[in-house]
Amino acid sequence: MPHNFYLHSALVKSRKVDRSKHQEIKEANMYYTIESGIALFISFLINLFVVTVFAEGLYGRSNSYVNGICHDKNIPSHGVFPNNSDSVDGDLYKGGIYLGCKYGSAALYIWSIGILAAGQSSTMTGTYAGQFAMEVSASSFH
């Protein structure tokens with residue numbers, strides 16, 4: 001997301017590097033590139049795993065198939081997956097219910113905590129990026 005790049009750039013800019021020495025700038029850029037690459041790769045892997053699990057579990061499946069899995073695990077789907085032959089129309093909520101039905105109620109709670117943490121992380125990142133943007137714009141007037 002763009003605000004993540006902006007925030008990371010602001011954090012990198014705030015680090016103390018002697019900008020008069022070419023070698024220090026080159027070394028700092030190398031470490032910043034490695035740091036960014038690792039963070040982006042980990043984010044990519046997490047997103048890949050989420051999409052893969054849901055694609056394997058929900059693609060081409062009918063509501064009655066998933067409803068049957070929920071019934072077998074005694075997890076009430078409460079009409080999320082009606083007992084009909086329509087294809088599953090997946091979203092984050094239905095994905096969480098599916099995880100609970102397929103892997104047990106612990107997976108449902110882990111998913112909900114993960115979604116909450118992702119929302120909080122996104123909120124904090126946006127706030128920090130906005131804070132840095134305000135600092136940059138305020139310092140340009142001095």
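**Helix α2 and its surroundings**

Just after helix α2, G60 adopts a positive phi of about 75°. That makes a handy starting point for a look back along the helix, in what is a predicted model. The points below cover the length of α2, its covered and open residues, a nonpolar patch, and the surroundings of V53.

**Length of the helix**
- Helix α2 covers residues 22-58.
- Its 37 residues, at 1.5 Å a residue, should span 54 Å, and the end C-alpha atoms lie 53 Å apart, so the expected and modelled spans agree.

**Buried and partly exposed positions**
- A28, Y32, F54, G57 and L58 are the buried residues to look for in α2.
- Y31, also a residue of α2, counts as partly exposed because its relative accessibility is 46%.
- V53 belongs to α2 too, and its relative accessible area of 32% is why V53 is classed as partly exposed.

**A nonpolar patch**
- M30, Y31, I34, I38, I42 and I46 together make a nonpolar surface patch of about 580 Å².
- A helpful reminder when you view this patch: an α-helix has 3.6 residues a turn, so residues three or four places apart point the same way.

**Around V53**
- Setting aside neighbours within four places in sequence, V53 is in contact with Y98 and L99.
- V53 and G95 are separated by 42 residues in sequence, while their C-alpha atoms are 9.3 Å apart in space.

Notes: Residues numbered from 1 in each chain as written. Predicted model: local features only at pLDDT ≥ 70, side-chain atom pairs only at ≥ 80, totals over all residues. Heavy atoms only, no water. Patch = residues over 30% accessible without salt bridge, like charges linked within 9 Å, V, L, I, M, F, W, Y side chains within 5 Å. Areas by Shrake-Rupley, 256 points an atom, 1.4 Å probe, with all protein chains shown as cover. Salt bridge = Lys/Arg side-chain N within 4 Å of Asp/Glu carboxyl O. Helix = DSSP H or I, 4+ residues; strand = E, 2+ residues; numbered from the N terminus. Buried < 20%, exposed > 50% of the residue type's maximum accessible area, 1.4 Å probe, protein only. Expected span 1.5 Å × (residues − 1). Contact = heavy atoms within 4.5 Å.
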